[in-house]
Amino acid sequence: MVSPVFSKQPIRWCRYHAYTNPNLFYSGIIALMGPVFLFGVTPLRRKYLYEDLKPLPLSGYPIPKERKNVTGYAD
């Protein structure tokens, strides 16, 4: 079976590679869907489903000035 040329027969080329190398073909399809989700699905999700979560604060947690020294294994 001769490998089809993409520029002449793109549908046949896709079918051929989906049959002979399915792992490479479908991983390429998933990789091509990444920008679609980034620029298409994310704004729709924010508009219709739910907003992004508030980021966790990286500082500002109160630290006690005086700490108890722990001795032994008892709490």
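Is Y26 buried, partly exposed or exposed, and what is its relative accessible area? Let's start there, everyone. Y26 is partly exposed, with a relative accessible area of 46%. Please keep in mind that what you have on screen is a predicted model.

Now, Y26 has a partner. Searching the whole structure turns up 1 aromatic pair. That pair is F25 with Y26, and the arrangement is edge-to-face, with 5.1 Å from centre to centre and 80° between the planes. The label follows because planes over 60 degrees apart count as edge-to-face. F25 is buried, at a relative accessible area of 17%, while Y26, at 46%, is partly exposed. For F25 the reasoning is short: 17% is a buried value because the cut-off for buried is under 20%.

Let's move to the two helices. Helix 1 covers residues 10-20, and Y16, H17 and A18 are buried there. What do the buried residues of helix 1 pack against? They pack against helix 2, which runs over 22-49. The two axes come within 5 Å of each other and cross at roughly 120°. That crossing makes helix 1 oblique to helix 2, because an angle of that kind falls outside the parallel, antiparallel and perpendicular ranges.

Which residues meet there? From helix 1 we have C14, H17, A18, Y19 and T20, and from helix 2 we have P22, F25 and Y26. By type, the residues of this contact divide into 6 nonpolar, 2 polar and no charged. So both members of our aromatic pair turn up again on the helix 2 side of this contact.

A word on C14, for those of you clicking along. C14 is in helix 1 and counts as partly exposed, at 27% relative accessibility. If you pick C14 and T71, 57 residues apart along the chain, their C-alpha atoms are separated by 69 Å.

Next, the annotation. The UniProt record, an unreviewed entry, places a "transmembrane region" at residues 24-44. In the model that span is 100% helix and 0% strand, and its end C-alpha atoms lie 30 Å apart.

Last stop, R45, also in helix 2. Is R45 buried or exposed? R45 counts as buried, with 18% relative accessibility. Setting aside neighbours within four places in sequence, R45 is in contact with Y50, E51 and D52.

That's my tour, thanks for listening!

Note on methods. Residues are numbered from 1 along each chain as its sequence is written. This is a predicted model: local features need pLDDT of at least 70, side-chain atom pairs count only at pLDDT 80 or more; totals for chains, interfaces and linings use all residues. Side-chain values use heavy atoms; hydrogens and water are left out. Buried means under 20% relative accessible area, exposed over 50%, partly exposed in between (1.4 Å probe, protein chains only). Helices (H or I, at least four residues) and strands (E, at least two) are DSSP runs, numbered from the N terminus. Contact means heavy atoms within 4.5 Å. UniProt positions are given in the numbering used here, feature names are shortened, and annotations may be inferred rather than shown by experiment. Rings of Phe, Tyr and Trp (its six-membered ring) pair if their centres lie within 6.5 Å; planes under 30 degrees apart count as stacked, over 60 as edge-to-face and the rest as tilted. Axes are lines fitted to C-alpha atoms, for helices over the stretch in contact, and angles run from 0 to 180 degrees between N-to-C directions. Angles under 35 degrees count as roughly parallel, over 145 as roughly antiparallel, 65 to 115 as roughly perpendicular and the rest as oblique. Ala, Val, Leu, Ile, Met, Phe, Trp, Tyr, Cys and Pro count as nonpolar, Asp, Glu, Lys and Arg as charged, and the others, Gly among them, as polar.
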